[in-house]
Each structure stands twice: as structure tokens, then as C-alpha cells.
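Trainee: I have a new structure to read. Please show me how to go through its sheets.

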Amino acid sequence: MSILTWNDQLLVGIDSVDSQHQNLVTLINRLDEVIALGEDHKTVLETVNDLVDYTVYHFQHEEKLMQQAGFNPEMFSKHCQQHQEFVEKMQRVQADAQLDASAISKDLLDFLVDWLCHHTLKTDKLMAISLNKGIDAAQIQLDRHEHVDILHSNLYSALRESEDRFKELADNLQALIWVTNTKSVPIFCNHFWFKTFGLDHSAINKQQWINTIHPDDREKVTSTYEQAAAEQMKIRMQYRLQSADKGLIWILETAVPRIRQNGTFAGLMGCGMDITTQKQAEAALAKINLQLEEQVNQRTHALTTANRSLELEKNRQTLLNQQLQETQSYLVQSEKMASIGQLAAGVAHEINNPLGYIYSNLNSLQQYIRELIQVAELAERLIEQLPADNPDIQAYQQLKQSINLDYVKTDAPELVKESLEGAIRAKKIVQDLRDFSRIDKQERAMFDLEAGLDATLNIVNNELKFKAEVIKEYAGLKPFECVGTQLNQVFMNLLVNAAQAIQDFGKITIRTGYQDADWLWVEIEDTGQGMDAETQARIFDPFFTTKPIGKGTGLGLSLSYKTIKDHRGNIAVNSEPGRGTLFRINLPVHPAA
């Protein structure tokens with residue numbers, strides 16, 4: 001979207017000057033686009049240099065016209081002074097940009113648009129009227145209201161369109177989207193928010209909103225929001241709602257401060273999700289874990305009693321006890337993964353249904369737009385065949401100009417195309433989630449290992465995107481027989497561990513290949529903290545973890561090791577403190593042999 005839109009109201013009446021003004025608008029829009037897209041330093045510098053050079057050329061042309069026509073000397077001097085001040089500012093920006101491309105800020109773009117509009121609509125229009133009509137510039141009065149209307153129409157139309165699109169998108173999301181002012185009063189809430197809180201769109205205030213929260217959570221919620229507003233920080237919390245129809249509803253919410261361009265605090269904006277199903281699953285899982293622990297404790301007690309009476313079998317019973325403890329751990333982890341897999345499959349199914357009709361409707365809309373464009377083109381041809389004095393011609397031209405038909409004919413298909421691409425991408429993520437969640441399938445089948453890696457990367461993308469750049473060096477492995485969902489779980493453990501080992505931002509490299517004709521291998525390497533020899537010797541032991549208490553179970557690598565052994569393969573680690581870690585998995589191409 002252009003930061004400044006050229007229209008006939010910006011014309012001053014001198015063809016050469018108007019043409020140069022249009023080129024300046026194009027250059028300013030190009031600079032805005034370069035900054036928005038994060039282009040490289042060279043491209044930013046080239047764009048700034050083009051803008052400075054063309055501005056100097058434009059100013060020289062204007063000053064020459066005024067000199068030749070005997071323009072008012074005092075106003076000519078003032079006009080030239082404005083030119084010089086603008087050039088000096090842009091040259092300072094040009095010098096700063098040589099050292100740091102971030103010197104080109106949005107403040108500069110606002111200045112450029114504001115200056116161009118004021119200069120064009122005031123100083124240059126005054127010059128053009130004086131030169132075209134031979135009137136002393138000091139005797140000319142301009143309509144200030146027209147100037148302000150044109151300026152506002154140009155500067156803020158894009159912002160209004162952006163806000164409308166945000167609200168339309170928010171109302172169609174199955175998430176709680178809201179915005180508050182500095183007094184924590186909601187000023188915008190999407191449809192899903194009102195539906196979840198059970199409140200009416202027509203009247204919403206802070207107290208109504210607070211009353212829907214569970215009494216035990218109200219103080220925590222209000223104090224957290226007050227702290228976020230006072231310290232202008234990001235927050236993340238869970239709380240409960242009281243619903244007469246749905247009972248207890250759990251909400252997971254993230255909020256960030258809204259900061260204006262001048263640095264002042266404007267309120268909070270947040271996004272929430274209904275995690276009631278997840279909480280119910282966690283409660284059910286905890287109950288299952290307790291039952292399993294009770295069963296294991298009973299068995300352990302029976303074995304301990306037997307050990308006292310059977311001294312000769314003491315060593316064998318001790319070993320059996322250890323094996324039971326490991327089995328219990330694997331059972332607990334399996335139950336957890338089964339519940340998580342069931343939850344993920346349900347979420348994927350629910351998302352896939354609306355995605356289906358969104359995708360179908362977008363395809364239909366794309367066809368409708370093509371047909372409407374054909375109708376518009378046919379109307380264009382029919383208008384050309386009408387007599388020049390036919391009143392329908394003028395009406396058609398006015399309508400065409402008011403709706404900017406040429407722009408709509410090019411932009412509408414692109415909007416639908418981009419929406420289709422987004423729907424296809426979302427559909428791919430949902431499919432990967434469904435495939436990944438089928439952890440209950442334990443039978444062996446032909447499996448594309450590299451496709452499994454890509455699906456796993458899709459699932460853990462949120463864990464990786466802020467921590468590391470992922471580099472894939474695939475060798476083009478052919479599908480082979482294995483339990484693909486189990487291998488995906490191994491890849492997920494290794495990738496998440498790699499991201500957590502990186503402190504700031506680093507790289508994670510994934511490689512595949514063949515070793516001889518009977519073995520294939522996968523390597524996952526990170527640039528994280530690395531491990532010493534003592535840690536490497538224990539990383540595959542059950543319950544061993546280097547993470548803080550509560551952050552890890554110590555079962556991820558242990559289960560990964562067991563999974564690889566069950567596939568008759570092996571897994572090795574190579575690491576040094578401060579130099580990162582490399583895991584290598586070797587698997588037989590023909591496990592049955």
C-alpha cells in the first residue's frame with residue numbers, strides 16, 4: 001500500500017512541475033516500501049540517493065522557471081530558502097544512512113509526505129497561479145480548508161483502510177482479540193470475545209468485564225493488567241470465567257502495551273484462547289498418572305517384601321524393580337503423548353472444517369471477480385460505441401473515476417490470490433498437525449523421513465523461529481519401512497532441545513544422507529552452549545536433565561534412545577562446551593533384514 005496517493009487535486013497547473021511532483025511521490029512510496037520490506041543496506045542507500053538527487057533537480061527547475069518569469073523577489077527568496085532547508089535535511093539523512101540504514105525511520109517518511117503536501121498545495125500552487133496568470137504572488141489567497149482536506153485524504157486513507165481490515169480479520173478469528181485505553185476500559189472486542197464472555201455488544205464497561213471472571217482470579221487479573229500498564233510490559237496469564245451455560249471456562253491470554261509514536265502509553269491490546277479442553281485433558285492425565293503411580297507403588301512394595309524373604313534373589317529383584325520403574329516412566333510418557341495427540345487431532349479437525357469452506361469460497365470469489373472484470377471491460381467497449389454527447393458516457397466516466405476501476409481490476413484478483421495462498425498454507429499446517437498427532441499408530445509402514453522432518457519443523461516452528469535459523473541439507477532420501485510417528489517424536493525432542501540450548505539466536509542445521517547401501521542417517525546440529533563429557537555420558541539416562549526443576553522430565557532423550565534402538569539403529573552425540581552439539585541417528589534401510 002502506498003504511503004501517499006497521487007490524484008488530480010495535487011496538480012498545480014504547470015506540466016513539467018506536476019510531472020516532477022508525481023515522480024517525487026513515486027520515490028517516497030518506493031522508499032517506504034524498501035523500509036517496510038527490510039531491503040539490504042545497498043538498496044536503501046540507492047533509494048535515498050535517488051530521492052535526494054531528483055529533489056535537487058526538481059528544485060533547480062522550479063527556481064529557473066520563477067527567475068525567467070520575474071517572480072516576486074521576496075517570495076522567490078523564501079521559496080529558495082525552503083528548498084535549501086529541505087535539501088540540507090535530506091543530505092544529513094543521506095550521511096546518517098551511509099553508516100546505519102535504520103536511520104531511515106517512519107518519522108522521516110511522515111516528514112517527507114507532510115512536506116511534499118504542504119509545499120505542493122501551498123508554495124508551488126501559489127507559484128503556478130502567479131506564473132500562469134501573471135499575478136503578483138503576494139496578492140494571491142489560497143483556500144486553507146481545501147488544503148487541509150486534501151492533505152488528510154492523502155495521509156490517512158491508508159491508515160483507515162488498515163484499521164478496517166484489522167477489525168474484519170479479528171471478528172472472523174476464533175480467538176479473543178481486544179484493545180483497552182489507558183484506564184483499562186475495552187474500546188474494541190471482537191465477536192468471539194463477546195461470545196465467550198457472554199456480554200452484549202451494545203454496552204460494555206470495565207465492571208461488567210471483571211464480573212464475568214471467577215472471584216478467585218479477579219484480583220490476579222486486575223493487578224496483572226495494572227502492572228502491565230504501569231511498567232509497559234508484556235504479560236501472559238491464565239484465568240477462569242464463570243459461564244451460566246458452559247460452566248467454568250479457562251482462558252490463556254497474552255497482552256502487550258500500545259505505545260504511540262511520541263512514546264506515550266495508549267493502553268493494552270491482547271489475544272486470548274479458550275484452553276478449557278486442554279485443562280480437562282491435563283486433569284485426566286494427572287488422574288491417570290496418580291493411578292499408575294499407585295499401581296507401581298503396590299508392585300514395588302510386593303517386590304520389596306519378597307526380597308526380604310528371598311535373599312538369594314536379592315540382586316535379581318533389585319534389577320526387576322529398576323526395570324519396573326523405567327516401564328512406569330514410559331507408560332506415563334505414552335499416556336501423556338496419547339492425550340496430547342488426541343487433543344492436537346481434535347484441534348486440527350476443528351480448524352480444517354472452516355478452512356475448507358474458506359478455501360472453497362475464495363475459489364468461487366476468484367471466478368466471480370474474473371466475470372465482473374469481463375463485464376467491466378465489455379461496458380468499456382460499449383461506451384466507446386456510444387455518441388460523444390450521450391449522458392451515459394459522462395456518468396460512466398464519473399463512476400469509473402470514483403471507484404478507481406482500473407486499480408480495483410488489478411488489485412482484487414491479487415487480494416484473492418494472496419488469501420488463497422494463505423488458506424493453502426494454513427491447510428498444510430493443519431495437515432502436518434493431524435499427521436504428527438497420530439502417535440497411536442505403531443505399525444510399520446513406508447515413511448518419507450525428510451517429509452517427516454518438514455512436518456515436525458512446522459509443528460515446533462513457534463519454538464524455533466525466535467531462537468535459530470533452520471538450515472536444511474537434505475540428500476533426497478527415499479521412503480523406507482519404519483514407525484514414522486515415533487521418529488517424528490524423536491526429531492521433535494532433538495529440535496526443541498537444540499533451540500533451548502541456544503541463548504540468544506543461532507543456527508540449527510539438519511542433514512540427511514546414506515552410509516553405504518544399507519544405512520541412512522540424520523544429523524541435527526546446533527550452535528548452542530554445548531555439553532561437557534560428564535553430561536554427554538548421562539543424557540540418555542531416564543530422569544537425567546540439565547534443566548531447572550519443573551522445566552524437564554528427563555525422559556525425552558531416554559525415550560528417543562529407546563525408539564531408535566527399537567528400529568535397530570543407533571544414536572550418537574558429539575558436543576563441546578561453547579561450540580554446540582551434534583546428534584547423529586543411523587537407521588537401517590531394510591530393518592527386516
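Mentor: We take the two sheets in turn, with the helices that pack on them. This is a predicted model: local features need pLDDT of at least 70, side-chain atom pairs count only at pLDDT 80 or more, and totals for chains, interfaces and linings use all residues. Residues are numbered from 1 along each chain as its sequence is written, and side-chain values use heavy atoms, with hydrogens and water left out.

Trainee: What is the strand order in the sheet that holds β1?

Mentor: Strands are DSSP runs (E, at least two residues), and helices are runs of H or I, at least four residues, numbered from the N terminus. Two strands pair if DSSP finds at least two bridges between them. Here the order is β2-β1-β5-β4-β3, open and antiparallel. β2 (186–189) and β3 (235–243) are the edge strands. β3 pairs with β4 (247–259) over nine bridges. Gln 242 faces Leu 248 of β4.

Trainee: Which strands does helix α8 touch?

Mentor: Contact means heavy atoms within 4.5 Å. Angles run from 0 to 180 degrees between N-to-C directions, with axes fitted to C-alpha atoms, for helices over the stretch in contact. Helix α8 (215–231) touches β1, β3, β4 and β5, at about 145° to β3. Helix α9 (276–309) lies across β3, β4 and β5, at about 125° to β4.

Trainee: Why do β7 and β11 each have one side without a neighbour?

Mentor: Their sheet is open, in the order β7-β9-β10-β12-β11, with mixed pairing. β7 (468–473) and β11 (570–575) stand at its edges with a single partner each, so one side stays free of a neighbour in the sheet. The twist averages 15° from one strand to the next.
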